[in-house]
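Colleague: I've got a fold to go through with you. Can you put it on screen and walk me through the sheet, the ligand shell and the core?

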Amino acid sequence: MIEQIPALLAGDRRIAAKMITLVENGGTGRYDLLKALHPHTGKAYIVGITGSPGAGKSSLTDKVITALRKQGEKVGVVAVDPSSPFTGGALLGDRIRMNDHYQDKDVFIRSMGTRGSLGGLARATKEVLKVLDAFGCTFILVETVGVGQAELEIMTAADTTVVVLTPGAGDSIQAIKAGIMEIADVFAINKADLDGADRVVTEVRAMLDLAEHTRLTRLDWRPPVIKTVTMSNLGIEDLVEGIMAHRKFLEGSGQLSEERKFRLRAELSEIIEHHIKDLIREKVEKSGEWDALLDRVIGREIDPHSAADQILAKGLLRDGN
Ligand SMILES: Nc1nc2c(ncn2[C@@H]2O[C@H](COP(=O)(O)OP(=O)(O)OP(=O)(O)O)[C@@H](O)[C@H]2O)c(=O)[nH]1
Ligand SMILES: [Mg+2]
């Protein structure tokens with residue numbers, strides 16, 4: 001697939017789709033592709049859009065796509081739904097909501113579900129972002145239902161995170177519990193046509209005040225709280241402005257490059273950990289030495305720390321590794 005990278009860089013959508021499928025499937029064959037793609041990444045600005053089920057994330061994403069297209073951006077969209085086993089295409093609901101953009105060659109939409117583990121989903125999502133980045137998307141929107149650990153993990157890939165809340169249903173309280181508030185750079189209070197939107201705005205602002213007082217959040221960026229109604233386009237411009245303002249803030253303060261560096265550092269250590277685990281599993285667990293050592297630990301002949309030292313030494317040193 002490496003030989004098809006020039007086609008990807010030239011904007012071939014079919015190749016983009018194929019490469020995404022390859023990384024999604026998670027086989028080791030994807031490593032060569034990811035290695036070769038790396039020099040072509042790092043240009044896309046990544047926006048996470050998260051919130052409870054049905055909050056209007058896809059509807060908002062649809063409107064944000066329109067706004068970004070007007071500014072001449074090439075837009076990628078990854079809609080992640082951990083509750084869905086479907087993958088590889090678009091989920092029906094998202095397809096309908098983002099329908100207008102399906103004909104646009106500068107919009108690339110992909111839905112992902114869990115095929116394997118949730119952790120695998122976060123891994124796959126981040127790698128799909130890399131393909132879209134190399135594909136030339138200048139903005140990538142990542143939609144997730146923001147409740148679980150995997151979704152929060154996915155959001156660490158975003159430069160700007162939009163948290164979508166709605167009136168009623170104790171949404172803002174839920175968000176606080178789920179740890180979503182801490183990751184918000186911009187709040188969209190969607191369905192502002194319904195009763196109670198102003199109360200949510202007040203609650204979120206009060207919470208931000210509290211956070212500032214207790215210094216739980218960065219003091220230099222205060223997330224804007226923007227009311228939106230997707231059907232009538234209310235607040236959409238403000239929302240896009242909020243995202244752009246946050247980007248400017250990150251760029252101006254040097255935080256964007258700091259955070260991206262931090263992200264690559266985390267990725268690097270993740271890869272190393274992954275390989276160490278594989279090595280140990282392949283070379284020690286399967287050889288039976290693991291069980292033999294375990295028996296000795298059980299028999300109090302050796303302690304777990306010393307046993308681990310032995311396993312590590314064997315796993316890492318064998319075969320010149
Ligand atoms: N009243 C009102 N309804 C809205 C608004 N925006 C979206 N909706 C409706 O809310 C429902 C859910 O919208 P989606 O955009 O699919 O929400 P979502 O957060 O992507 O949903 P999931 O991906 O299933 O979690 C749909 O029936 C929308 O028509 C709004 O501003 N006001
Ligand atoms: Mg959706």
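Modeller: Sure, one term before we start: two strands pair if DSSP finds at least two bridges between them. Strands are DSSP runs of E with at least two residues, helices are runs of H or I with at least four, and both are numbered from the N terminus. Mind that this is a predicted model, where local features need pLDDT of at least 70, side-chain atom pairs count only at pLDDT 80 or more, and totals for chains, interfaces and linings use all residues. Residues are numbered from 1 along each chain as its sequence is written, with chains lettered from A and ligands numbered from 1 in the order in which they are written.

Colleague: OK, in what order do the seven strands sit in the sheet?

Modeller: The sheet is open and its pairing is parallel. Strand 3 (107-113) and strand 7 (225-227) are the edges, each pairing on one side only. Reading across, the order is 3-2-4-1-5-6-7.

Colleague: Which residue of strand 5 is the bridge partner of T50?

Modeller: T50 belongs to strand 1 (residues 45-51), which runs parallel to strand 5 and is joined to it by five bridges. On strand 4 (residues 139-145), strand 1 has seven bridges, also parallel, and there I49 partners E143. For T50, the partner in strand 5 is V163.

Colleague: How many residues of strand 1 are buried?

Modeller: Buried means 20 or more other C-beta atoms within 10 Å of the residue's own, exposed means 12 or fewer, and partly exposed is in between, with C-beta atoms placed from the backbone. In a regular strand the side chains alternate between the two faces of the sheet. Here Y45, V47, I49 and G51 are buried on one side, and I46, G48 and T50 on the other. That makes seven of seven.

Colleague: Which helix gives the largest share of the shell around ligand 1?

Modeller: There are 18 residues around ligand 1, with G56, K57, S58, S59 and T230 coming nearest; being near takes a C-beta atom, placed from the backbone, within 6 Å. Helix 4 (57-70) and helix 5 (92-97) each supply at least two residues. The largest share, three residues, comes from helix 4.

Colleague: And which helix gives the largest share of the core?

Modeller: A nonpolar core is a set of buried Ala, Val, Leu, Ile, Met, Phe, Trp, Tyr and Cys residues joined through C-beta atoms within 7 Å. The largest one has 67 residues, and V131, I140 and F187 have the most contacts inside it. Its largest share, eight residues, comes from helix 6.
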